Amino acid sequence: MSFDRKTKASTVHTFRWSRGSEWRKGDLHFHTPSSFDYQNKSITNEQIVRVLRSSGICAVAVTDHHTIDTVRLGAIQREAGDALTVFPGIDLRTELGGTEAVHIIGIFPEDAELEHVWTTLQGQLDLTDAAVKAKGDDKVYVDFRDAAKLIRSLGGL
């Protein structure tokens, strides 16, 4: 229930689950064939959703390596419908950690403006297709602090 201070009226919201707080399974670091190192590129979005649901997952963050495949994310969200919450995200390798690079995961609201988020990340973190190709997929690094600030400014965590 929420309370509108201006009208002093309460509003009852309908929720997906009938019980209040309870534990549910989620996966906040999930890769798809859009990640450069994903082994089986033939996996479909339908298969992804089916496996997540059959595993009892209620929420997933799709965090492919240094990319947000906006087309795939939209398709997965449509396929999942109300049965699975799909958060857009990104997995970024940072300059920290020496030989074992520290990764940062950015997760955005399920209704984020994906094209805006992805375009901004690409430009400001040098993740354009040309930049990634020039460096090589396994040599893409971002500055940890810059990436964290940018993710937060775009509504992510």
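1. In this predicted model, a good place to begin is the pair of strands β4 (residues 57-62) and β5 (residues 85-93), which run parallel and are joined by four bridges. One residue of this pairing can be picked out by name: alanine 61 has phenylalanine 87 of β5 as its bridge partner.

2. Strands β4 and β5 belong to an open sheet of four strands, whose order is β3-β4-β5-β6 and whose pairing is mixed. The edges are taken by β3 (25-30) and β6 (103-107), and each of these has a single partner strand, so one side of each is left without a neighbour in the sheet. From one strand to the next, the twist averages 25°. As background for a reader new to such folds, strands of a sheet pair through backbone hydrogen bonds, in either a parallel or an antiparallel manner.

3. Helix α2 (residues 70-80) packs on this sheet, where it touches β4 and β5, and the direction of the helix makes about 150° with that of β5.

4. Which helix has an axis that comes within 9 Å of that of α2? The partner is helix α1 (residues 45-54), and the two axes cross at roughly 50°. An angle under 35 degrees would count as roughly parallel, and 65 to 115 as roughly perpendicular; α1 and α2 are therefore oblique to each other. Their crossing is right-handed. On the α1 side the contact is made by Asn45, Glu46, Ile48 and Val49, while α2 supplies Arg72, Ala75, Ile76, Glu79 and Ala80. Sorted by class, the residues of this contact of α1 with α2 comprise five nonpolar, one polar and three charged.

5. A further helix pair is formed by α3 (residues 114-125) and α5 (residues 144-153), which pack at an angle of about 160° with their axes 11 Å apart. Angles over 145 degrees count as roughly antiparallel, and this makes α3 roughly antiparallel to α5. The crossing of α3 and α5 is, once again, right-handed.

6. As for the residues that bring α3 and α5 together, Thr120, Leu121, Gln124 and Leu125 come from α3, and Asp146, Ala147, Leu150 and Ile151 come from α5. How does the contact of α3 with α5 divide by class, and how many of its residues are charged? Five are nonpolar and two are polar, with one charged residue completing the contact.

Conventions. Residues are numbered from 1 along each chain as its sequence is written. This is a predicted model: local features need pLDDT of at least 70, side-chain atom pairs count only at pLDDT 80 or more; totals for chains, interfaces and linings use all residues. Side-chain values use heavy atoms; hydrogens and water are left out. Axes are lines fitted to C-alpha atoms, for helices over the stretch in contact, and angles run from 0 to 180 degrees between N-to-C directions. Helices (H or I, at least four residues) and strands (E, at least two) are DSSP runs, numbered from the N terminus. A crossing is left-handed if the near helix is turned anticlockwise from the far one by less than a right angle, and right-handed if clockwise. Contact means heavy atoms within 4.5 Å. Ala, Val, Leu, Ile, Met, Phe, Trp, Tyr, Cys and Pro count as nonpolar, Asp, Glu, Lys and Arg as charged, and the others, Gly among them, as polar. Two strands pair if DSSP finds at least two bridges between them.
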